[in-house]
Amino acid sequence: MLNLDRLRTLYAVSRHGSVSGAAEGLHVTTSAVSQQLAKLERETGQQLLAKNGRGVRLTDAGRLLADHAARILSQVELAQADLEAQRGQAVGELLMGAFPTAVRGIFPAALGRLRVDHPQLRPRLQEMEPDESVPAVVRGDIDLAVVLDWYNKPLPMPDGLVKAPLLDDPVDLAMPAGHRLADRDAVDPEEFADDEWISWPQGGFCFDWLMITLRGKGLEPRICHTAREHHTQLALIAAGLGVAVVPRLGRGAVPEGVRVVPLRQHTMRRHVYAIWRADADRRPSIRAAVDVLRAAGERTGG
């Protein structure tokens, strides 16, 4: 009889491509992964892993069994979803991931509501960017993720996932309080062609969006400083070091010395939504989480 936990471990190695990656995804040690795989090899009587330089690779038998493991684990997910749906209650553990401003902007209220409405549900939240959370949902490392894309740059979405919109998040233009345009009621990005810009780090999804958008308006921005967190960007702006587009979700209080002005082009906004695996679609815990996240998003006024 094949052990389900060991099949899950083998599948994790096939998805992550390494023992260390599987251990991180499963939240266990690399030693635990190696022990599970050694036991699985004894149970099957076949070699499932082979040395590959400093790492490992799946043998033909390993790949064959990993493919079966994927189908078996998917059926287990369906069975769990059906049992939970039949019970009609949101219970058990629910693993979620979300990008930083969503964690700050909507999850405190959403998690508080889940605790009151579904006391038998145990939600666990991890801050992670969409390039981490989307693969984590696909692999089954987490149950649900809150991700984003931009109005003119969709986030690539693998097959087998379901998504539900939560809110649209407008962006404003943040500038030093003494900026020449700080007293305006609205501005256009093109008016800042001569300014220094503060952006997300190069190579990230949001950095790419900013460059595509500004270049599409005939503007080649001079990116002088980068920072992941909007609060850090605002601190740099307060010091007079540049301008930035800043989403409203999770922004909090704007520091002294910064003026935030709406953009005339109201289409410049982020789309925020929840995603989960289609085979978990019937789980009441997923539906409960989406409902409270959507309600929290509506209260942000995005």
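**Exercise 1.** At what angle do helix α2 (residues 19-26) and helix α3 (residues 30-44) pack, and how far apart are their axes? Work out how to describe the pair, and who makes the contact.

*Solution.* Keep in mind that this is a predicted model.
- Start with the geometry: α2 and α3 pack at about 105°, and their axes are 8 Å apart.
- Angles of 65 to 115 degrees count as roughly perpendicular, so α2 and α3 are roughly perpendicular to each other.
- Now the residues: α2 brings Val19, Ser20, Ala22 and Ala23, which meet Thr30, Val33 and Ser34 of α3.
- Sort that contact by class and you get four nonpolar residues, three polar ones and no charged ones.

**Exercise 2.** Find the span that UniProt annotates as "domain: HTH lysR-type" and describe its make-up.

*Solution.*
- The UniProt record, an unreviewed entry, puts this feature at residues 2-59.
- Residues 2-59 are 62% helix and 14% strand.
- The C-alpha atoms at the two ends of that span sit 18 Å apart.

**Exercise 3.** Do the same for helix α6 (residues 107-117) and helix α10 (residues 284-299): which angle, which handedness, which residues?

*Solution.*
- The angle between α6 and α10 is about 135°, with the axes 8 Å apart.
- That makes α6 and α10 oblique to each other.
- As for handedness, α6 passes α10 in a right-handed crossing.
- On the α6 side, Phe107, Ala109, Ala110, Arg113 and Leu114 make the contact; on the α10 side, Ala288, Ala289, Val292, Leu293, Ala296 and Arg299 do.
- By class, the contact of α6 with α10 has nine nonpolar residues, two charged ones and no polar ones.

How values were computed:
Residues numbered from 1 in each chain as written. Predicted model: local features only at pLDDT ≥ 70, side-chain atom pairs only at ≥ 80, totals over all residues. Heavy atoms only, no water. Axes fitted to C-alpha atoms, helices over the stretch in contact; angles between N-to-C directions. Helix = DSSP H or I, 4+ residues; strand = E, 2+ residues; numbered from the N terminus. Parallel < 35°, antiparallel > 145°, perpendicular 65-115°, else oblique. Left-handed = near helix turned anticlockwise from the far one by under 90°. Contact = heavy atoms within 4.5 Å. Nonpolar A, V, L, I, M, F, W, Y, C, P; charged D, E, K, R; others polar. UniProt positions renumbered as here; feature names shortened; annotations may be inferred.
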